[in-house]
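Take a look at the chain below and trace its path from start to end. Then read on, and find each part in the picture as it comes up.

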Amino acid sequence: MTVHPIVISGEPVLHRRALPVESFDDGLRTLIADMFETMDAANGVGLAAPQIGVGLRVFVYGMENDDDVAPRGVLVNPTLVTSKVPGSAPDPDDESEGCLSVPGEAFPLKRAEWARITGFDGDGAAVEFEATGWFARCLQHEYDHLDGKLYVDRLDARQSRKARKSVKNHGWGVPGLTWMPGVDPDPFGH
């Protein structure tokens with residue numbers, strides 16, 4: 001297993017729709033193992049393949065939940081259905097979200113409280129479950145990566161301005177920027 005560098009906002013693979021996985025083979029299983037290793041080294045709760053520069057529809061998660069779902073898993077070629085996203089403003093204390101590809105930053109974002117995901121595991125077996133609360137948020141966040149969206153793309157106008165300013169101040173928004181979990185300082189201070 002290998003820890004990969006995590007690409008930062010501005011890398012083209014993060015901003016385009018990922019391609020479906022076509023072969024459930026040893027290459028895919030190695031990618032999944034590397035993604036878990038990278039997520040763990042980064043102290044993340046989820047990681048999508050585009051975040052390590054691989055434009056495939058795969059993400060891993062590692063999050064305790066109240067939904068009777070294994071706390072670690074992988075989704076290959078997933079589809080996601082959610083409840084309606086509430087129209088109220090996000091609570092900055094309880095609904096702030098972060099992303100390994102926008103390292104060290106967090107902004108409040110409303111998400112659906114419920115999600116149903118279907119897809120496949122790394123061997124091609126069907127996977128389907130429902131998630132609530134923060135676990136549902138995690139799935140929505142990772143699924144967005146597969147569609148070329150970062151959570152900062154979903155922020156309300158006020159938070160979006162703050163995020164754009166932060167990206168500019170960090171010098172992000174251009175290709176070629178990465179950080180290395182386990183080598184570079186943890187941007188979230190874990």
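What follows is a short walk through this structure, which is a predicted model.

Start with two neighbouring strands. Strand β5 covers residues 96–99. Strand β6 covers residues 102–108. The two pair in the antiparallel sense, over four bridges. Two residues sit between them, and together the strands form a hairpin. To find the pairing by eye, look for S96, which stands opposite P108 in β6.

Now look at the side chains of β5. Which of them point to the buried face? E97 and C99 do. S96 and G98 point to the other face and are not buried. The side chains thus alternate along the strand.

Keep E97 in mind, for it returns in a network of charges. By the rule used here, the model has 11 salt bridges. One of them joins D144 and R111, at 2.9 Å from N to O. This pair links distant parts of the chain. D144 is in helix α2, residues 133–146. R111 is in the loop between β6 and β7, and the two residues are 33 apart in sequence. Are these partners buried or exposed? D144 has a relative accessibility of 5%, so it counts as buried. R111 also has 5%, so R111 counts as buried too.

D144 has another partner. It forms a salt bridge with R154, where the closest N and O atoms are 2.6 Å apart. R154 lies in the loop between α2 and α3, 10 residues away from D144. R154 is partly exposed, because its relative accessible area is 42%. Shared partners tie several such bridges together: E97, R111, R137, D144 and R154 form one network.

Move to another salt bridge. R72 pairs with D40, and their closest N and O atoms are 3.0 Å apart. Here too, distant parts of the chain are linked. R72 is in strand β4, D40 is in helix α1, and 32 residues separate them. R72 is partly exposed, with a relative accessible area of 41%. D40 is partly exposed as well, at 37%.

Next, turn to the backbone. Most residues other than glycine have a negative phi. Which way does N43 go, positive or negative? Its phi is positive, about 60 degrees, although N43 is not a glycine. N43 lies in the loop between α1 and β2. Its relative accessible area is 40%, so N43 is partly exposed. N77 also has a positive phi, near 50 degrees, and is not a glycine either. N77 sits in strand β4, residues 72–82.

Follow the chain to P50, in the loop between β2 and β3. P50 has a relative accessible area of 1%, so it is buried. Compare its place with that of T38. The two are 12 residues apart in sequence and 13 Å apart in space, from C-alpha to C-alpha.

Finish at the surface. Which residues form the positive patch? They are R158, R161, K162 and R164. Look for K162 in helix α3, residues 157–170. K162 is partly exposed, with a relative accessible area of 39%. A residue needs over 30% to be part of a patch, among other conditions.

Terms used. Residues numbered from 1 in each chain as written. Predicted model: local features only at pLDDT ≥ 70, side-chain atom pairs only at ≥ 80, totals over all residues. Heavy atoms only, no water. Patch = residues over 30% accessible without salt bridge, like charges linked within 9 Å, V, L, I, M, F, W, Y side chains within 5 Å. Areas by Shrake-Rupley, 256 points an atom, 1.4 Å probe, with all protein chains shown as cover. Salt bridge = Lys/Arg side-chain N within 4 Å of Asp/Glu carboxyl O. Lys, Arg positive; Asp, Glu negative; His and termini not counted. Charge placed at Lys NZ, Arg CZ, Asp CG, Glu CD. Buried < 20%, exposed > 50% of the residue type's maximum accessible area, 1.4 Å probe, protein only. Pairing = 2+ DSSP bridges.
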